[in-house]
Amino acid sequence: MNLQTTLTTVLAIAASSAEARDPAQDERDLLKVEAALCRAFETGDADTLRKSLDARFTLTDSQGTVTNLEQNLAEVVKKDPVYEVFRNHHQKIRLYGDAAIVTGITTLKGHSGKTRFEGDFQFTDTWVHREGQWKLAASHVTRMPKPAPTP
């Protein structure tokens with residue numbers, strides 16, 4: 001077998017394994033792991049985060065600060081901020097083989113030190129499917145404006 005045939009065969013096998021998964025199951029799995037991550041932030045569960053975040057994970061927060069996996073884990077271990085509510089909703093999923101984009105809204109409530117916070121944040125999560133599971137590779141959040149008071 002020549003190099004071109006071997007390469008074509010390897011690429012075909014790799015592509016078919018990504019396509020062999022059930023898209024509906026991928027969506028259910030993504031929603032499940034998104035919910036588990038919310039609970040992990042709420043409860044300070046760094047082990048769940050370590051299992052579900054890619055080793056090269058990056059977060060761009062609502063103030064434009066970019067952090068990596070270890071920085072996020074350290075924040076969770078330190079338990080500051082403390083989340084009373086950390087819930088995703090209105091999620092939409094787009095699948096791209098071994099990658100996925102999930103958009104939605106995260107509702108947060110809690111405190112950092114003596115400073116209380118709450119709000120809704122639009123998020124975009126980028127997921128990769130590796131070794132049989134979805135790993136969060138990157139997340140970007142933007143604070144949503146507070147609704148105008150009703151007259």
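Let me start with a term: two strands count as paired here if DSSP finds at least two bridges between them. With that in hand, look at leucine 59. Its bridge partner in β6 is serine 139. β1 and β6 pair in the parallel sense, over four bridges. Keep serine 139 in mind. I will come back to that residue.

One caution before going on. This is a predicted model.

Now the overall layout. The protein has four helices and six strands. Along the sequence, the pattern reads α-α-α-β-β-α-β-β-β-β. There are 151 residues in the protein, and buried residues make up 35% of them. Take the contacts with a separation of 6 or more. Of these, 52% come from residues 24 or more positions apart.

On to the sheet. What is the order of its six strands? The order is β2-β1-β6-β5-β4-β3, in an open sheet with mixed pairing. Each of β2, residues 66–68, and β3 has a single partner strand, so these two stand at the edges, with one side of each left without a neighbour in the sheet. On average, neighbouring strands are turned by 20° against each other, direction ignored.

Start at the β2 edge. β2 and β1 run antiparallel, joined by three bridges. Threonine 58 has asparagine 68 of β2 as its bridge partner. The two strands form a hairpin, with five residues between them. In that turn, glycine 64 has a positive phi of about 85°.

Next, move along to β4 and β5. Strand β4 covers residues 99–112, and strand β5 covers residues 115–130. They pair in the antiparallel sense over 14 bridges. Here threonine 106 stands opposite phenylalanine 121 in β5.

Now the helices on the sheet. Helix α2, residues 23–43, packs on the sheet. The helix touches β1, β3, β4, β5 and β6. Its direction makes about 160° with that of β3. Helix α4 lies across β1, β2 and β3. This helix runs at about 85° to β2.

Back to serine 139, as promised. The residue sits in strand β6. Is serine 139 buried or exposed? Serine 139 is buried, because its relative accessible area is 11% and the cut-off for buried is under 20%. What does the side chain of serine 139 meet? It makes a polar contact of 2.5 Å with the side chain of aspartate 125. Leave out residues up to four places away in sequence, and serine 139 touches Phe57, Thr58, Leu59, Thr60, Thr124 and Asp125. So this list includes Leu59, the bridge partner we began with.

Now some backbone geometry. Most residues other than glycine have a negative phi, and most peptide bonds are trans. Against that background, three places deserve a look.

Place one is the loop between α4, residues 69–78, and β3, residues 82–96. Proline 81 is found there. A cis peptide bond joins aspartate 80 and proline 81, with omega at about 15°. Place two is in that loop as well: lysine 79 is found between α4 and β3. Lysine 79 has a positive phi of about 60°, although it is not a glycine. Its relative accessible area is 47%, so lysine 79 is partly exposed.

Place three is histidine 90, in strand β3. Histidine 90 also has a positive phi, about 55°, and is not a glycine. Buried or exposed? Histidine 90 counts as exposed, because its relative accessibility is 63% and the cut-off is over 50%.

Last topic: the pocket. The largest pocket has a volume of about 820 Å³. How many residues line it? The lining holds 31 residues. Nearest the centre lie Leu59, Asp61, Tyr83, Leu108 and Val141. Which elements contribute? α2, β1, α4, β3, β4, β5 and β6 each supply at least two residues of the lining. β5 gives the most, with five residues.

To pull this together, follow leucine 59. Its bridge partner in β6 is serine 139. Leu59 is also among the lining residues nearest the centre of the largest pocket. That is where I will stop.

Definitions and conventions: Residues numbered from 1 in each chain as written. Predicted model: local features only at pLDDT ≥ 70, side-chain atom pairs only at ≥ 80, totals over all residues. Heavy atoms only, no water. Buried < 20%, exposed > 50% of the residue type's maximum accessible area, 1.4 Å probe, protein only. Axes fitted to C-alpha atoms, helices over the stretch in contact; angles between N-to-C directions. Contact = heavy atoms within 4.5 Å. Polar contact = N/O pair within 3.5 Å; in protein donor to acceptor, adjacent residues only side chain to side chain. 1 Å grid on protein atoms, 1.4 Å probe; cavity = no way out; pocket = protein on both sides within 12 Å on 5 of 7 lines; lining within 4 Å. Points joined across faces, edges and corners; volume = space filled by probe spheres on them.
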